[in-house]
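This report looks at how helices, buried side chains and charged pairs are arranged in a single protein chain. The sequence and the structure come first, and the description follows.

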Amino acid sequence: MRSAKQVLESIARNQPCQNIELLEQLMASLRPRRNDTYGAAAARVRGLVDSLRAHPDLAEALARYLSDLLGARSHSTFYADAGILGSESFGSALTRRVGARILPPAYNEAFLHDFFERVFDGGRDAHWLSSIDEEDLHALRDAVGLKGEHFAPARRHIWAETQEALRMLSHRLAALGIERELVYYFPELTEYDSPFLAQSAEVLQFVKSLHNEGNTATEHDKRQIEVLLSQCLGYIERIRRKSQEAGASVGLTYQLTRMTQIIERMQVLMQLLVVERGAIWTGHALDFIRLLMLEVEREKSVSELLRASTNLLARQVTEHASRTGEHYVTDSRSEYAQMFRAAAGAGVIIGFMALFKVLIGKLHLPLIWEAVAFSLNYGLGFVLVHLLHFTIATKQPAMTAATLAAALDGKQSEADKINTLVDLTARVCRTQIVAIAGNVLLAMATSFAIAMACMHLLEWRPVGEEKARHMLQDLRPIFGYGIFHAAIAGVYLFLSGLITGYYDNKAIYHQIPERIRELKWLRRVIGGRAQVRLAGYIEHNLGALAGNFLFGCMLGCTGTIGFLLGLPLDIRHVTFAAANFAYAWSEFGRELSAHVLLISATGIAAIGFTNLAVSFGLALNVALRARNAERINKMAFIGKLWRRFRRRPADFLWPPGAPKA
């Protein structure tokens, strides 16, 4: 690899020069090696500064070289597009990024974006450059002469391109601000002077006052635009809040996010034009350059596209899930008892569902029809649980996790957020415990009672010895795939929570209840009052019905899919595991040893813990990401939660009594 001085000498020999490969070599000479620390790169930068100071002719050649490279390229689209959601669909973006991995796109010398992509190593260069002291970077700027006459053509070009980028973003914001979907949520945008349109006129006037580097706009001009942009942000936030009640499409969520990003970028560009006076390599300019480096790398990342897309979906979905989750958090002892009764009712139904699954298995149906039968057994059973206002403990985490994340919304301090989160965690924990107890105890009692009744009244053993042995083997926590299968069920529980939120949002956004109320044929069939009640029920329960039924379908199909693919796929659900244990126990009776009983109990506990941990962890992660709250101090939260458990462990098991008057 050539040294920095050797590259500088090549640049000086080939003046005038627009060979970008020399700049690539110069960056490579500064970049940290495989086993280097960032300090080594900083030392190389200081060495480059010393070489430029010792050889003014090399510094002059480098300034001319950089000026020629930057002045020959278009900057405005790069400044206006990098890091901002585009207009292409998810499918198009995914296809483009995957295709670029296989066959990289051709380099276009006309655009600064391609220049950055070739010269800088994306996030890697952004990180080691961030570690260099600003004094060293300013020394490099002065040594190169970025303020001097040799770099003046590039400065004027960057100055003009920054203005053009600001104008482009202003026009985009104005166009997005009058989109039909936004006007649908906020008709006032058409009745009064829209700030989205007003800011465009102000920006045009602002840009006119920036014809050249010496004629900068005033801080007053900037404040005029910032007032209008803050009004735009206010409208965006009001539309977002209204969409939480009236539902929102993915397109609206995407559009609001894009508008927010455009406003933030406009504020950055105005900062560079007014406060920094178009200066090169100052504090804000350096931050902007690092941002551009990172965004070039992110534009090529498939995982970054998936992360950004799921974040757009998560906010609306988890918002509705968090409201449902409020019903799964108990505060008083009466609510605690009610939760146990609701869980006990679900346990009774699951006892029968476990029996039906055994009977379906004995039919030895073709694989596809067996999967359909298992899915209907699970799905219709879970729907019945919901219709009877019962509850399944393992479905709660996907809802309560969203409620926990919703507690982090607001402008309170981080300490207050952690206190709120600790208190809510204690309430969620005791609710989960009592719900699992109700599910498991009644599922076991119901299954045992059914088996005993069949054996003594009908002289029929519903399970059989071979099936009973297989059921006990499935409960062994160490041997086999029991924990893995329980984790699969946990993923399904998490997905069912997302499905519930999605369909709740869909019912409101697409006005399904209102449409049902307008169906004339339905009114003739069931009558007007029944039609209104049905519409109201669909409005509040469509998500829960869809989530429960599709959760059952996922459970019912997994074993068949695993068999077809030759993979060890199956599910383990704590309540069904408890019911199966009761059926196996009824088959063997006193023949079961204490050792087998202990292993089975341990297996049921492990399955339940895995179900809850996986579903809760996934749901909480998505809910936190949807609210941009991932950066909360997790260690502080864990420490405060542990201190609360040591001081008041009963809060995690039993609700406090009502305060005395």
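## A helix crossing

In this predicted model, the axes of helix 18 (residues 333–362) and helix 21 come within 6 Å of each other and cross at roughly 35°. The crossing in which helix 18 passes helix 21 is right-handed.

On the side of helix 18, the residues that meet helix 21 include Tyr336, Phe340, Ala343, Gly347, Gly351 and Leu355. Helix 21 contributes, among others, Arg430, Val434, Gly438, Leu442, Thr446 and Ile450 to the contact with helix 18. Sorted by class, this contact between the two helices comprises 15 nonpolar, seven polar and one charged residues.

## Charged pairs around helix 21

Helix 21 also takes part in a salt bridge, in which Arg644 is paired with Asp423 and the closest N and O atoms are 3.4 Å apart. Because Arg644 lies in helix 29 (residues 634–647) and Asp423 in helix 21 (residues 414–457), the pair ties together parts of the chain that are 221 residues apart in sequence. The two partners differ in burial class, since Arg644 counts as buried at 11% relative accessibility, whereas Asp423, at 32%, counts as partly exposed; the cut-off for a buried residue is under 20%.

Once neighbours within four places in sequence are left aside, Arg644 is in contact with Val422, Asp423, Ala426, Pro649, Asp651 and Phe652. The charged residues of this region are not confined to one pair, as Asp423, Arg427, Arg644, Arg648 and Asp651 are linked in a network of salt bridges.

## Other salt bridges

Over the whole structure, a search finds 15 salt bridges. One of them joins Glu24 to Arg118, with the closest N and O atoms 2.5 Å apart. This pair links distant parts of the chain, given that Glu24 is in helix 2 (residues 20–30) and Arg118 in helix 7 (residues 112–119), 94 residues away. Glu24 is partly exposed, with a relative accessible area of 23%, and Arg118 is likewise counted as partly exposed, at 31%.

A pairing within a single helix is provided by Arg64 and Glu60, whose side chains meet in a salt bridge with an N to O distance of 3.4 Å. Both residues lie in helix 4 (residues 56–71), where they are four residues apart, about one turn of the helix. Their relative accessible areas place both in the partly exposed class, with 37% for Arg64 and 33% for Glu60.

## Nonpolar cores

In soluble globular proteins, nonpolar side chains tend to be buried together. In this model the largest nonpolar core holds 87 residues, of which Leu52, Leu62, Phe115, Phe116, Leu166, Leu173 and Phe206 touch the most other members. Helix 15 (residues 250–275) gives the most to this core, supplying 11 residues. A second core, separate from the largest one, consists of 45 residues and includes Tyr378, Val385, Ile392 and Met471.

Phe115 offers a local view of the largest core, being one of the residues that touch the most other members. Apart from its neighbours within four places in sequence, Phe115 is in contact with Ile20, Leu23, Leu69, Leu70, Arg73 and Tyr107.

Key:
Residues numbered from 1 in each chain as written. Predicted model: local features only at pLDDT ≥ 70, side-chain atom pairs only at ≥ 80, totals over all residues. Heavy atoms only, no water. Core = buried A, V, L, I, M, F, W, Y, C linked by side-chain atoms within 4.5 Å. Buried < 20%, exposed > 50% of the residue type's maximum accessible area, 1.4 Å probe, protein only. Helix = DSSP H or I, 4+ residues; strand = E, 2+ residues; numbered from the N terminus. Contact = heavy atoms within 4.5 Å. Salt bridge = Lys/Arg side-chain N within 4 Å of Asp/Glu carboxyl O. Axes fitted to C-alpha atoms, helices over the stretch in contact; angles between N-to-C directions. Left-handed = near helix turned anticlockwise from the far one by under 90°. Nonpolar A, V, L, I, M, F, W, Y, C, P; charged D, E, K, R; others polar.
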